[in-house]
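Colleague: I should like to go through this chain with you, one question at a time. Please give the reasoning before each answer.

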Amino acid sequence: MVFDVHVHLFPPDVTRNIEKYTCRDPFLAEICSSKGHKFATVEDLLAEMDKCGVEKTAVSGFASSDPGLCREMNDYILEAARAYPRRLIAMAVVSPLDRMMERELDRALKRGARGVGELFPWGQAFALEGDAAKRLAFYCQERNLPLLLHLNEKVGHHYAGKGDISIEEGAAFAAKFPSLPLIFAHWGGGLCFYELMPELKKQLRNVYYDIAASPFLYSRNIYRVVREIGILDKILLGSDYPLISPARYLRELDESGLAPNEISRIKGENAARLFSLNDE
Ligand SMILES: [Zn+2]
């Protein structure tokens, strides 16, 4: 199975009136004004999935610090997943600083959401060590809901969306909530390499890493490096579509030097286990 865990869709209504939203959310404004930014609808995604041979996708909207925009995003994503239940899994977005966060999560779960994210601690201005993140973590941990969080490397070139969230914060968050299923996006900003340290391996035992934006960040040797580290079971295909097509990752994986059975774990088997698809 090919299962992409990291995709962002925008409701066409929001895209058409984007200025109305960007003036309320400076992080959204930054993302939308960046050179590589694209908008995609559910129809665009389904066409791309068919083209690339992706069977399932966990779809997110855009996590804003504006709860109203999060709700609008969730409505669109939930409806899409309901219309295509065999292809799409809905991820809910919320602002942890919103005092009504739990209510929005309850609403999204009732309508079929099966995970939360991608949330941007830096872009949405909440600290992973703060109380808001703690409430979110308890909510997800209690329900065994995968939580997809943006982490990025703090070295290297700048790009829109790159913030000053650190791998220390990510590691400390995972340690505080050991049974919370976490997906750290973008190879966890490099946190995955620290799984070479036995104490970190233990601390990060419920952490998965997606490979979103990898072609922009790392050479394809990274796949053999994580095999050497012994964490192939924790690596998930995440494309960040429409930023990059899943096809590019699938090609990279085929040329990574990994064995076919190792590639299939990254392409979808790990994600199927995480989202309990095998029990269905
Ligand atoms: Zn991200």
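The exchange below moves from the whole chain to its sheet and then to single elements.

Modeller: Please bear in mind throughout that this is a predicted model.

Colleague: What radius of gyration does the protein chain have, and with what value does it agree?

Modeller: The C-alpha trace spans about 45 × 40 × 40 Å along its principal axes. For 280 residues, a compact globule would have a radius of gyration near 19 Å, and the chain agrees with that value, having 17 Å.

Colleague: What percentage of the contacts between residues at least 6 apart in sequence join residues at least 24 apart?

Modeller: The protein chain holds 13 helices and 8 strands, and 46% of its 280 residues count as buried. Among the contacts between residues at least 6 apart in sequence, the share joining residues at least 24 apart is 78%.

Colleague: Which strands are the edges of the open sheet?

Modeller: The sheet has 8 strands with parallel pairing, in the order β1-β2-β3-β4-β5-β6-β7-β8. An edge strand pairs on one side only, and this applies to β1 (3-8) and β8 (235-236).

Colleague: At the β8 edge, which residue is the bridge partner of Asp210?

Modeller: Strand β7, residues 207-210, runs parallel to β8 and is joined to it by 2 bridges. Asp210 has its bridge partner in β8, and that residue is Leu236.

Colleague: Turning to β2, how many of its residues are buried?

Modeller: Strand β2 covers residues 56-60. Lys56, Ala58 and Ser60 point one way, Thr57 and Val59 point the other way, and all are buried. The count for this mostly covered strand is therefore 5 of 5, with a residue counting as buried when 20 or more other C-beta atoms lie within 10 Å of its own.

Colleague: Which residue of β3 is the bridge partner of Ala58?

Modeller: On one side, β2 runs parallel to β1 through 4 bridges, and Phe3 has Lys56 as its bridge partner. β2 also pairs in the parallel sense with β3 (residues 88-92) over 3 bridges. There, the partner of Ala58 is Ile89.

Colleague: What is the handedness of the unit made by β2, α5 and β3?

Modeller: Helix α5 comprises residues 67-83. Together with β2 and β3 it makes a β-α-β unit, which is right-handed.

Colleague: Which elements are among those covering the buried residues of α8?

Modeller: Helix α8, residues 167-176, has as its buried residues Ile167, Glu169, Gly170, Ala171, Phe173 and Ala174. Their cover includes two helices and two strands: α7 (131-143), α9 (198-203), β6 (182-184) and β7.

Note on methods
Residues are numbered from 1 along each chain as its sequence is written. This is a predicted model: local features need pLDDT of at least 70, side-chain atom pairs count only at pLDDT 80 or more; totals for chains, interfaces and linings use all residues. Two strands pair if DSSP finds at least two bridges between them. A residue is buried if 20 or more other C-beta atoms lie within 10 Å of its own, exposed if 12 or fewer, and partly exposed in between; C-beta atoms are placed from the backbone. Two residues are in contact if their C-beta atoms, placed from the backbone, lie within 7 Å. The radius of gyration is taken over C-alpha atoms; the globule rule is 2.2 Å times the number of residues to the power 0.38. A crossover is right-handed if, with the strands pointing away from the viewer, the path from the first strand over the helix to the second runs clockwise.
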